[in-house]
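Biologist: I am new to this structure and would like a close look at one part of it, the place where a strand is held to its neighbour and a cross-link sits alongside. Could you go through it slowly and then set it in its surroundings?

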Amino acid sequence: MIAAPVYLHSWPTADQPEQVRRVEAGQTVWTFAFPPELHQQSARLGLGDLWLTACPGGSVIAARLCEVWRVDAATGQRLNLWPGEVWSAQGDAVVIVTDAPKGYSALDTF
């Protein structure tokens, strides 16, 4: 039986920032830490990568303040970012809703 990787989210503590970890066979393969001013709002696996939406803390989320991070699922390295949010469609399709005035398009991603 092949063990699939597991992605675990940890809230910030006094000792560690908020983070996502990839775990295989009980061992942490990589850890991706969030900057203290941003918090994970969503996470999706798709197109071979991990897609995270990170937004400022607070009770009201303004999508234009959020960032979408494309993270290499194998290494945990952040590949790039865009303003907006990640939404998932059927299966592993990923749709990025971006802040149009900044001139980004979901088609630029693919």
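Modeller: Alanine 54 stands opposite glutamate 67 in β6, and this pair is a good place to begin. Before going further, please keep in mind that this is a predicted model, in which local features need pLDDT of at least 70 and side-chain atom pairs count only at pLDDT 80 or more, while totals for chains, interfaces and linings use all residues. Residues are numbered from 1 along each chain as its sequence is written, and side-chain values use heavy atoms, with hydrogens and water left out.

The two strands in question are β5, residues 49-56, and β6, residues 67-72; they run antiparallel and are joined by 6 bridges. Strands here are DSSP runs of E with at least two residues, helices are runs of H or I with at least four, and both are numbered from the N terminus, while two strands count as paired if DSSP finds at least two bridges between them. As general background, strands of a sheet pair through backbone hydrogen bonds, either parallel or antiparallel.

The cross-link is a disulfide, formed by cysteine 55 and cysteine 66 with their sulfur atoms 2.0 Å apart, where the rule asks for a pair of cysteine sulfur atoms within 2.5 Å. By that rule the count comes to 1 disulfide, and the link is right-handed, with 110° about the S-S bond. Cysteine 55 lies in β5 and cysteine 66 in the loop between β5 and β6, so the pair ties together parts that are 11 residues apart in sequence. Cysteine 55 has a relative accessibility of 0% and therefore counts as buried, buried being under 20% relative accessible area, exposed over 50% and partly exposed in between, with a 1.4 Å probe and protein chains only. Cysteine 66, at 2%, is likewise buried.

A second kind of tie involves charged side chains, for arginine 70 forms a salt bridge with aspartate 49, the closest N and O atoms being 2.7 Å apart; the term requires a side-chain nitrogen of Lys or Arg within 4 Å of a carboxyl oxygen of Asp or Glu. Arginine 70 belongs to β6 and aspartate 49 to β5, so this pair ties together parts that are 21 residues apart in sequence. Arginine 70 is partly exposed, with a relative accessible area of 25%, whereas aspartate 49 counts as buried at 7%. In general terms, side chains of opposite charge can pair when their charged atoms come close.

On to the next strand: β6 also pairs with β7, residues 78-83, in the antiparallel sense over 5 bridges. Glutamate 67, already met as the residue opposite alanine 54, stands opposite proline 83 in β7 as well. In the hairpin of β6 and β7, which has 5 residues between the strands, glycine 76 takes a positive phi near 80°.

Elsewhere in the chain, 3 strands form an open antiparallel sheet in the order β1-β2-β3. β1 (6-10) and β3 stand at its edges, each with a single partner strand, so one side of each is left without a neighbour in the sheet. β1 is joined to β2 by 5 bridges, and β2 (residues 19-24) to β3 (residues 27-33) by 6 bridges. Arginine 22 is the bridge partner of tyrosine 7 and has tryptophan 30 as its partner in β3. Arginine 22 also forms a salt bridge with glutamate 24, the closest N and O atoms being 2.7 Å apart, and the total for the model is 2 salt bridges. Of that pair, arginine 22 is buried, with a relative accessible area of 12%, and glutamate 24 is partly exposed, at 31%. The hairpin of β2 and β3 has 2 residues between the strands, and alanine 25 takes a positive phi near 50° there.

Taken as a whole, the protein chain contains 1 helix and 9 strands, and its elements run from the N terminus as β-β-β-β-β-β-β-β-β-α. Of its 110 residues, 30% count as buried.
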